[in-house]
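User: I'm new to reading protein models and would like to practise on one. Could you walk me through it, feature by feature?

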Amino acid sequence: MTAASLKGLFSHMTFAIESFHFHVLPMHTRFPFKYGIASMNALPHLFVTVNLVVDGKAVSGLASEGLPPKWFTKNPDTPFELDLAEMIAVIQNASRIARLAAEKPTGFFGWWQNLYAEQSQWAKVREQPALLANLGVSLIERSVLDGLCKALGQPLHAVLRSDVLGIDLGAVREELCGMRVADAMAPAPLSHVSARHTVGLGDPLSAADGALDDGLPYTLEENIRAYGLRYFKIKVCGKPDQDLPRLREITRVITANCPSGFHATLDGNEQFYDLASFRDFYATLRADAALAPLFQNLILIEQPLHRSQALNEDVAATLSTWTEGPGMIIDESDASLADLPRALDLGYRGTSHKNCKGVVKGLANAALLKKRSPAIRGGPILSGEDLANVGPVALLQDLSVMALLGVTHVERNGHHYFRGLSMHSAATQEAVLATHAGLYRRHPAGFPTLQIENGRLDVSTVNSAPFGCGIALDVSPFEPLNTWIKRGGMGEL
């Protein structure tokens, strides 16, 4: 079905929300994932089910997200239990707003505007940061989009291109007036994306760092050889005495195992409080001869400044005179709709997309980067980053949006820190292997694991599914969220 015929059939599509349900699947990492001020060993993976009535037809939608420590709020003084309670509170509040906004049949875009505005106002009153508040918006938004795609029997890229959702980019940001959602999308969704491998602050690099006998690649060296990796995301802690020796070894391992070349990005993890200090740090690294191959292939720097400082006016002066560095983007600072325009005004070249920051927001960001492209020195950057996403829902929905935005290389690390889909039931595992044969393969131990060949992921099946997932996931074996909370599930992680 073409976009035009889809729009003709469903140009007045409306939906009502009957209920939301929340379930938890606790997940434990293969080994700790150290990033910034946190080290993740376990997290709750939250599933959000929404029951909709779409043009009189009952349908359910599903979204999910792992709730990691110290990303949405990087406050070193709070325990994870408090952070987790706040994450759950913003999600549940967003579901309340969403349900009330769709008690009667409504169109998608008007409903989304209500959800975003009311959640933002609630967060302001509660003094909750926008990045955290919009986690709730994004999860609820994704669950509804999944249900609408199922009702229409169409993949997300086709639904978005048809304008059946009525998304008005000019109403999201005034300077986007006249742009259509299709203008922010690739001409066709990508069939393959390159996996940009995360090198966490504590990740093992070579056999000298030990071994993990669980049948999956463990060290950086093993991962490159197993997956044919060519793209890497390298995290730094901001201390030259620690970063320099580690970066030398990372550079040695990558260059030795990537004879045909590689590309890298550097993640500053918000470790700096002024850009001049980061520029000095960068100069120290750049002057090290052993790191020359790394800096020759460095394509962007991600969020070196703490979110409290990253969008301050004084950043502009440093960025305007720093012409020798690669493009710098925001990530954690891309919290509200006002943040990317502000960042571009200051001299940043772009932002990251993660589904946890919102699909409509991601489309508006992509449109803004295209609109302002002629004025961005060096050109705009829209990168794809990860939040330890795993399938069969969160990862595939994220890949679906990356593909339709045309993001060619995407940080992927959920398969690295978690053991494939081994935490799911046999029925779910078999359904994933049957539905996504190009994206997943059967591990010798029986469970599905991502199939990365020549450093790339085949997302063809993701693009043909309603919103990436394509299987009927039964969430009933997972524990209801309220039950999990009441019995002290947070303390068991």
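User: Let's start small: in which strand does Leu382 lie?

Analyst: Leu382 lies in strand E10, residues 381-384. Helices (H or I, at least four residues) and strands (E, at least two) are DSSP runs, numbered from the N terminus. Before we go on, this is a predicted model, where local features need pLDDT of at least 70, side-chain atom pairs count only at pLDDT 80 or more, and totals for chains, interfaces and linings use all residues. Residues are numbered from 1 along each chain as its sequence is written, and side-chain values use heavy atoms, with hydrogens and water left out.

User: Is Leu382 buried, partly exposed or exposed?

Analyst: Buried means under 20% relative accessible area, exposed means over 50%, and partly exposed is in between (1.4 Å probe, protein chains only). Leu382 has a relative accessible area of 22%, so this residue is partly exposed.

User: And which residues does Leu382 touch?

Analyst: Contact means heavy atoms within 4.5 Å. Not counting residues up to four places away in sequence, Leu382 touches Thr351, Ser352, His353, Ala366, Leu369, Leu405 and Val407. As for C-alpha distances, Leu382 and Thr408 are 9.8 Å apart in space and 26 residues apart in sequence.

User: Ala366 was on that list. How do I read the packing of H13 and H14, and at what angle do they pack?

Analyst: For this you need axes, which are lines fitted to C-alpha atoms, for helices over the stretch in contact; angles run from 0 to 180 degrees between N-to-C directions. Helix H13 (residues 359-372) and helix H14 (residues 394-405) pack at about 20°, with their axes 11 Å apart. Angles under 35 degrees count as roughly parallel, over 145 as roughly antiparallel, 65 to 115 as roughly perpendicular, and the rest as oblique. H13 and H14 are therefore roughly parallel to each other.

User: Which residues make that contact?

Analyst: From H13 come Val359, Gly362, Leu363 and Ala366, and from H14 come Val401, Leu404 and Leu405. To sort them, count Ala, Val, Leu, Ile, Met, Phe, Trp, Tyr, Cys and Pro as nonpolar, Asp, Glu, Lys and Arg as charged, and the others, Gly among them, as polar. That gives six nonpolar, one polar and no charged residues where H13 meets H14.

User: What about H12 and H13: how close do their axes come?

Analyst: The axes of H12 (residues 339-346) and H13 come within 10 Å and cross at roughly 30°. H12 and H13 are therefore roughly parallel to each other. H12 contributes Leu340, Pro341, Leu344 and Asp345 to the contact, while H13 contributes Asn365, Leu368, Leu369 and Arg372. This time the residues divide into five nonpolar, one polar and two charged.

User: Now the inside. Which residues of the largest nonpolar core touch the most other members?

Analyst: A nonpolar core is a set of buried Ala, Val, Leu, Ile, Met, Phe, Trp, Tyr and Cys residues joined through side-chain atoms within 4.5 Å. The largest one has 162 residues, and Phe108, Trp111 and Tyr348 touch the most other members. Helix H4 (residues 130-152) gives the most to this core, with 13 residues.

User: What is Phe108 in contact with?

Analyst: Leaving aside neighbours within four places in sequence, Phe108 is in contact with Phe15, Glu141, Val144, Leu145, Leu148, Leu165, Ile167 and Val360. Take Phe15 from that list: Phe15 lies in strand E1 (residues 15-35) and counts as buried at 1% relative accessibility. The C-alpha atoms of Phe15 and Thr106 are separated by 5.5 Å, although these residues are 91 places apart along the chain.

User: Last topic: backbone oddities. What should I look for?

Analyst: Most residues other than glycine have a negative phi, and most peptide bonds are trans. Here, the peptide bond from Gly391 to Pro392 is cis, with omega near 5°. Pro392 sits in the loop between E10 and H14.

User: And which values does phi take at Asp55 and Glu270?

Analyst: Asp55 has a positive phi near 50°, and Glu270 has a positive phi of about 60°. Asp55 lies in the loop between strand E2 (38-54) and strand E3 (57-66) and is partly exposed, with a relative accessible area of 41%. Glu270 lies in the loop between strand E6 (263-267) and helix H9 (275-286) and is buried, at 3%.
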